[in-house]
Amino acid sequence: MANTYQLISSNVFTTAAASFTFSSIPATYTDLVIRYSTRASVAGTTRSYRITMNGSATGYSWTYMNGNGASTDSAIGTSLAFDLALNQNGDTTTANTFTNGELYFASYASSTFKVMSSDTANENNATTAFRNVVANLWQDTSAITSITIANPTDNIMSGSSFYLYGIKNS
């Protein structure tokens with residue numbers, strides 16, 4: 001069976017903002033995908049966004065693996081949201097370089113706990129560039145109808161983009 005991607009919504013930032021929400025997500029697809037290119041407005045080489053579903057602040061857990069070309073690390077944990085799922089370049093990385101990645105929400109409309117994976121590459125045109133993979137679990141059986149992406153410490157910079165796709169098996 002071939003998968004068919006259908007654009008549901010997009011957000012391309014023309015000014016900096018702290019957060020945004022994909023809302024009114026229809027339950028007519030098998031899975032959801034968010035593809036993004038983003039950068040933070042705070043000093044540093046990498047920053048995390050906070051991802052929440054349906055406005056819920058509970059039931060999130062994650063496992064991540066990270067590498068930067070010189071070292072690796074991994075961890076497991078719980079938090080108020082998926083804090084490590086979406087990393088981004090900070091404002092002290094090479095000018096005009098953006099982080100690229102994908103968030104994949106499997107069976108988002110089912111009545112089971114929700115699984116989300118993320119795959120991120122932070123380019124820096126320098127000796128340190130980050131690569132991170134995260135497995136996430138939201139312990140809620142509600143269909144995902146909204147996804148909020150927030151930067152709790154600063155802003156998502158102008159030029160950043162997020163595209164939400166629905167996937168149907170055809």
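Colleague: What relative accessible area does Met157 have in this predicted model?
Modeller: This is a predicted model, in which local features need pLDDT of at least 70 and side-chain atom pairs count only at pLDDT 80 or more, whereas totals for chains, interfaces and linings use all residues. Residues are numbered from 1 along each chain as its sequence is written, and side-chain values use heavy atoms, with hydrogens and water left out. Buried means under 20% relative accessible area and exposed over 50%, with partly exposed in between (1.4 Å probe, protein chains only). Met157 is partly exposed, because its relative accessible area is 22%.

Colleague: Which residue, 118 residues away along the chain, has its C-alpha atom 5.6 Å from that of Met157?
Modeller: Met157 belongs to the loop between E12 and E13, where strands are DSSP runs of E with at least two residues, helices are runs of H or I with at least four, and both are numbered from the N terminus. At a C-alpha separation of 5.6 Å, and 118 residues apart from Met157 along the chain, stands Arg39.

Colleague: How many helices and strands does the protein contain?
Modeller: From the N terminus on, the elements run β-β-β-β-β-β-β-β-β-β-β-β-β. The secondary structure accordingly comes to zero helices and 13 strands.

Colleague: What share of the contacts between residues at least 6 apart in sequence joins residues at least 24 apart?
Modeller: A contact here means heavy atoms within 4.5 Å. As background on the chain, buried residues make up 41% of its 170 residues. Among contacts between residues at least 6 apart in sequence, the share joining residues at least 24 apart is 78%.

Colleague: Which strands stand at the edges of the open sheet of three strands?
Modeller: The sheet has the order E2-E12-E5 with antiparallel pairing, two strands being paired if DSSP finds at least two bridges between them. One side of each edge strand is left without a neighbour in the sheet, because each has a single partner strand, and these edge strands are E2 (19–22) and E5 (50–53).

Colleague: Which residue of E12 stands opposite Ser19?
Modeller: E2 and strand E12 (residues 147–150) pair in the antiparallel sense over four bridges. Opposite Ser19, in E12, stands Ala150.

Colleague: How is the pair formed by the rings of Phe20 and Phe162 classed, as stacked, tilted or edge-to-face?
Modeller: Rings of Phe, Tyr and Trp (its six-membered ring) pair if their centres lie within 6.5 Å, and planes under 30 degrees apart count as stacked, over 60 as edge-to-face and the rest as tilted; by this rule the count comes to seven aromatic pairs. Phe20 lies in strand E2 and Phe162 in strand E13 (residues 161–169), so the pair ties together parts that are 142 residues apart in sequence. Phe20 is buried at 8% relative accessibility, as is Phe162 at 0%. The ring centres are 4.8 Å apart and the planes stand at 50 degrees, so the pair is tilted.

Colleague: What is the angle between the ring planes of Tyr60 and Trp138?
Modeller: Both Tyr60 and Trp138 are buried. The ring centres of Tyr60 and Trp138 are 5.9 Å apart, and the pair is stacked because the planes stand at 10 degrees.

Colleague: Over the face of which residue does Lys168 lie?
Modeller: A charge sits over a ring if NZ of Lys or CZ of Arg is within 6 Å of the ring centre and within 35 degrees of the ring normal. Arg35 lies in this way over Tyr165, at 5.9 Å from the ring centre. For Lys168, at 5.5 Å from the ring centre, the residue is Tyr29.
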